[in-house]
Amino acid sequence: MLLLFFKERLAWIGFYVFISISLNVLFSLDVGLVSVSITYVNICMFISFFIFLLWRYSVEVGQLKNFLGNVDGQLDDIHSKNMDLSPFQGAYFKKLEDVFYEKDMELNKTKVQLQEYSDELLAWVHEVKAPLTSINLMLSQIDDLVLRRKLEHEWLRLHLLVDQQLHQTRLATIEKDNYMTEIELRNVVYKEIRAMQPWCLEKGIGFDVSELSETVLTDGKWLAFIVRQILSNAIKYSPINTEILIFTEVDASGTTLLHIKDEGIGIRKEDLPRIFQKSYTGTAGRESAQSTGMGLYLAHNVALKIGVRIRVQSKIDEGSIFTLRFPLQNEYVKLTGR
């Protein structure tokens, strides 16, 4: 701060140096000043100028701290009147107040518009879910099995897109919409597998699921969303008549790991660092019209919010392993700040 102050006052220091040199030249040329000590004059001028700089530094730093304190808080008349500002600084401060006021108004207007848009989107999603549920019930009455499975597959795709949109809208308020409790992994995984049944039947995809008796401390609804996104990707990119392996592991630190392994086309090495980026479809996604680049992005963001870490290992033409690492009790305490 002190160095910055002196740097901004280089003009004052330069003027002081100029006056000192001029006086020294004058004292050396004017014989009438021979009896006056030039050294004494220089010391007096230097001390006076140095004290002046310290005084200005104290005053201006105080004003700056007062100003920044008001900027951080509320810019109101009471604070601004208590500030000891020069007329020029007052005009400058008034201009800043006007700018802040305009920006606050714009920010509040944008927040209101965003909230209205989010509410409308949520209302639309809920409206769409009602006919989707009715259509699903109607599908069970179709006797032609081949036609029914095709229609159920298309219905599932539509349902997953609506579900993805619903959770994307809710993601902004996930801190207000989570409930951490003991969840048995078996229940979450089995429920999501059952939901994917029409798609799996059409592609001949099977599941090899271990006991999954472990329980983890997490939010069941958001965990199900993460598993749903990973499972849908595994099914989408797996060849027909293959298996998806799901198993758990407890590492040396006592952390529970949930692995989902497919025999799909795999992910290219250069795509791996970007698969969680928004709208990134990767090399495989460009070959499939079904890829939106949003599933893993949303899953990754949800996982970060509830303390779960997602790790990916993949080899081309061999498949991928997605691993969910659940937080330990002490990590959960740090996450929630309790």
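## Loops, sheet and helix α11 in a predicted model

Asn-241 lies in the loop between α9 (220-236) and β4 (243-250). Helices (H or I, at least four residues) and strands (E, at least two) are DSSP runs, numbered from the N terminus. This is a predicted model, in which local features need pLDDT of at least 70 and side-chain atom pairs count only at pLDDT 80 or more, while totals for chains, interfaces and linings use all residues. Residues are numbered from 1 along each chain as its sequence is written, and side-chain values use heavy atoms, with hydrogens and water left out.

**Positive phi**

Most residues other than glycine have a negative phi. Phi of Asn-241 is positive, and Asn-241 counts as exposed because its relative accessibility is 60%. Here buried means under 20% relative accessible area, exposed over 50%, and partly exposed in between, with a 1.4 Å probe and protein chains only. Ser-279, in the loop between β5 (256-261) and α10 (282-286), also has a positive phi. With 46% relative accessibility, Ser-279 counts as partly exposed. The table lists these two residues with Asp-317 and Gly-307.

| Residue | Place | Phi |
|---|---|---|
| Asn-241 | loop between α9 and β4 | near 60 degrees |
| Ser-279 | loop between β5 and α10 | near 70 degrees |
| Asp-317 | hairpin of β6 and β7 | near 65 degrees |
| Gly-307 | just after α11 | about 85 degrees |

**The sheet**

Five strands form an open sheet in the order β2-β4-β5-β7-β6, with mixed pairing. Its edge strands are β2 (206-209) and β6, each of which pairs on one side only. From one strand to the next the twist averages 15 degrees. Two strands pair if DSSP finds at least two bridges between them.

Strand β7 (319-325) runs antiparallel to β5, to which 5 bridges join it. On the β5 side, Leu-258 stands opposite Leu-324, and Leu-257 has Arg-325 as its bridge partner in β7. Strands β6 and β7 are also antiparallel, joined by 7 bridges, and Gln-313 stands opposite Ile-321 in β7. The hairpin of β6 and β7 has 3 residues between the strands. Since 5 of the 7 residues of β7 are buried, the strand is largely enclosed by the rest of the structure.

**Helices against the sheet**

Helix α9 lies across β2, β4, β5, β6 and β7, and runs at about 175 degrees to β7. Axes are lines fitted to C-alpha atoms, for helices over the stretch in contact, and angles run from 0 to 180 degrees between N-to-C directions.

In α11 (residues 295-305), the buried residues are Gly-295, Leu-296, Leu-298, Ala-299, Val-302 and Ala-303. Seen down the axis of α11, they fall within an arc of 160 degrees, so they line one face of the helix; the arc is that of the directions from the helix axis to the C-beta atoms. These residues pack against α6 (145-170), α9, β6 (309-315) and β7, where contact means heavy atoms within 4.5 Å.

**Ser-20 and the cysteines**

Ser-20 is found in helix α2 (residues 10-29) and counts as buried at 11% relative accessibility. Ser-20 and Asn-42 are 22 residues apart along the chain, and their C-alpha atoms are separated by 7.0 Å.

Cys-200 is buried, with a relative accessible area of 5%, whereas Cys-44 counts as partly exposed at 33% relative accessibility. With a disulfide taken as a pair of cysteine sulfur atoms within 2.5 Å, the count comes to 0 disulfides.
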